[in-house]
Amino acid sequence: MKLATKDLLGMKELSAEEIRYILYQAEIMKHILLQDAKKTPHLQGRTVVTLFYENSTRTRLSFELASKYMSANAANITASGSSVQKGESLIDTAKTLDAMATDVIIIRHQMSGAPHLIAKNVNAAVINAGDGMNEHPTQALLDLLTMKEKKGQIEGLRVAIIGDVAHSRVARSNIYALQKLGAEVVVGGPSTLLPRDIATLGVEVYENVESALRGADVVMCLRLQKERQQNGLLPSMREYSKFFGVDEKRLALAKPDALIMHPGPVNRGVELTSGVMSLDRAVINEQVTNGVAVRMAVLNILAKRSGHYGNFN
C-alpha cells in the first residue's frame, strides 16, 4: 500500500486505511528501535532536512534520530541560523533545498498552511511537524500507536482531551484521527480555551473537566500554550491548576485503567500533578519512544516516493 500523496500534511487528509498502514509500519520500526543495534539501511542514500521556524526539542530530535537510525543523510536548519534572517522567502528556501536533491523536508512553522504551500512547490516529500494552530500529524500518530499498544484497539475508546484546545494543533490532529478510527472524543477546558466551532468537529464539549473525564478510557492533557496565549484568557497558572488540572481526585472519574497522556513538555503541577504523572498508567515516556518509531515509519514510507527518484505518480 502507498499513501495517496507524496506528503504528510495532516490527519484531516488521511483515510482510516492510510492511518492503519502507518501504524502497522511504526510497529515494525519499533522492533528495530528496541534492538541494541539501531542502524538499518532503509534510507541509505536519501537526504532528510528539518526546517524549523519555531523552537522544538522533542519533535526535531526524534526526526533527526529516526533518519539517522535508518542511515539517511540528515541536516537541520533553524530560522535563526539561515538565510531566512536575510529575507529569503519560505518558498525560496524550500526550492533551494529541493534543488539540492533533498528527498524529505520536515517543516515546523508558526503559520498555518505553510507545509501545504511548500508541498505544492517542491518535488521532495514534505512532512508537517506542526503548523501554527492547525495540525501536528506525527504527534497524533504516536498517540494512536500508544493507545493501540496499551488498549489493543482504538475503535470504541472514549478519549478525553483536556486543556488548551484553542491553541493546540495536537488536539486537532487527534480529533480527526481518532474519529476516523472509531473512537469517541470529548474535550474539556476553560471556555476561553475552547474554540467556538469545536463542536462542529463532532466532539462532545464540556467547560468543566469533571464532565469530560467521566468514563474516559484515555485522558490526554494538553500543554498550556503560554507562548501563544492572548492576555486575559487565563487568570493565572494557579487558577488553572485548581479548576482544570488533572489530579488524583479528578482522575478517579475516568475508568480505573484509563491511560494518562501528554504531548510534552508537561507544566508539572499545572496540567498534571506529580502524583498522577508517577502512576503506572501514565505513558508519557512511552509516547516519546513511539514518536521515534512513528517518524521512522513516515520517513521510510515517504522518502522512497520522492520526486527525485521518479516513482511518484
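A pocket, as the word is used here, is an open set of grid points with protein on both sides within 12 Å along at least five of seven lines. In this predicted model, the largest pocket holds about 620 Å³ of space. Its lining is made up of 29 residues, and the ones nearest the pocket's centre are Arg58, Thr59, Arg108, Gly264 and Pro265. Helices pitch in too: α2, α5 (137–151), α6 (169–180) and α11 (284–303) each give at least two residues to the lining of this pocket.

Two of those central residues, Gly264 and Pro265, have something else going on. Most residues other than glycine have a negative phi, and most peptide bonds are trans. The peptide bond from Gly264 to Pro265, however, is cis, with omega near -10°. Pro265 itself sits in the loop between β9 and α10 (274–277). Phi has its own oddities in this model. Ser71 isn't a glycine, yet its phi is positive, at about 70°. This residue is found in the loop between α2 and β2, and with a relative accessible area of 18% Ser71 counts as buried, because the cut-off for that label is under 20%. Ala101 is another non-glycine with a positive phi, of about 65°. Its spot is the loop between α3 and β3, and at a relative accessible area of 39% Ala101 is partly exposed.

Next comes a sheet. Strands of a sheet pair through backbone hydrogen bonds, either parallel or antiparallel. Here 4 strands line up in the order β2-β1-β3-β4 to give an open sheet with parallel pairing. At the edges are β2 (73–78) and β4 (125–131), each of which pairs on one side only. Direction ignored, neighbouring strands of this sheet are turned against each other by 15° on average. Strand β1 (residues 47–52) runs parallel to strand β3 (residues 104–109), and 5 bridges join the two. Across from Phe52 stands Arg108 in β3, and Arg108 is also one of the residues nearest the centre of the largest pocket.

Helices pack on this sheet as well. What does helix α2 touch? Helix α2 (residues 58–69) is in contact with β1, β2, β3 and β4, and its direction makes about 175° with that of β1. Helix α3 (residues 90–99) packs on the sheet too, touching β1, β2 and β3, with its direction at about 160° to that of β3.

Further along the chain, β5 and β6 pair in the parallel sense over 5 bridges. Within this pairing, Val159 has Val185 of β6 as its bridge partner. Strand β5 is mostly covered, with 5 of its 5 residues buried. Arg158, Ala160 and Ile162 point one way from the strand, while Val159 and Ile161 point the other way.

Another buried residue in this part of the chain is Ile198, whose relative accessible area is 5%. Ile198 lies in the loop between β6 (184–188) and β7. Setting aside residues up to four places away in sequence, Ile198 touches Val165, Ile175, Val187, Val203 and Val205. From Asn123, on the other hand, Ile198 is 35 Å away in space, C-alpha to C-alpha, with their positions 75 residues apart in sequence.

Then there are the charged pairs. Side chains of opposite charge can pair when their charged atoms come close. The structure holds 11 salt bridges. One of them joins Asp7 and Lys6, at 2.9 Å from N to O, and both of these residues are buried. Another joins Arg158 and Glu204, whose closest N and O atoms are 3.5 Å apart. This pair links distant parts of the chain, with Arg158 in strand β5 (residues 158–162) and Glu204 in strand β7 (residues 204–206), 46 residues apart. Arg158 is buried, at 13% relative accessible area, whereas Glu204 is partly exposed at 29%.

In a third salt bridge, between Asp217 and Lys255, the closest N and O atoms are 3.0 Å apart. Asp217 belongs to the loop between α7 (209–213) and β8 (218–221) and Lys255 to the loop between α9 (248–251) and β9 (259–261), so this pair ties together parts that lie 38 residues apart in sequence. Asp217 is buried, with a relative accessible area of 8%, while Lys255 is partly exposed at 34%. Finally, salt bridges with shared partners join Arg158, Glu184 and Glu204 into one network.

Methods. Residues are numbered from 1 along each chain as its sequence is written. This is a predicted model: local features need pLDDT of at least 70, side-chain atom pairs count only at pLDDT 80 or more; totals for chains, interfaces and linings use all residues. Side-chain values use heavy atoms; hydrogens and water are left out. Two strands pair if DSSP finds at least two bridges between them. Axes are lines fitted to C-alpha atoms, for helices over the stretch in contact, and angles run from 0 to 180 degrees between N-to-C directions. Contact means heavy atoms within 4.5 Å. A salt bridge is a side-chain nitrogen of Lys or Arg within 4 Å of a carboxyl oxygen of Asp or Glu. Buried means under 20% relative accessible area, exposed over 50%, partly exposed in between (1.4 Å probe, protein chains only). On a 1 Å grid over the protein atoms alone, a cavity is a set of points where a 1.4 Å probe fits but cannot get out, and a pocket is an open set with protein on both sides within 12 Å along at least five of seven lines; lining residues have an atom within 4 Å of a point. Grid points are joined across faces, edges and corners, and a volume is the space filled by probe spheres set on the points.
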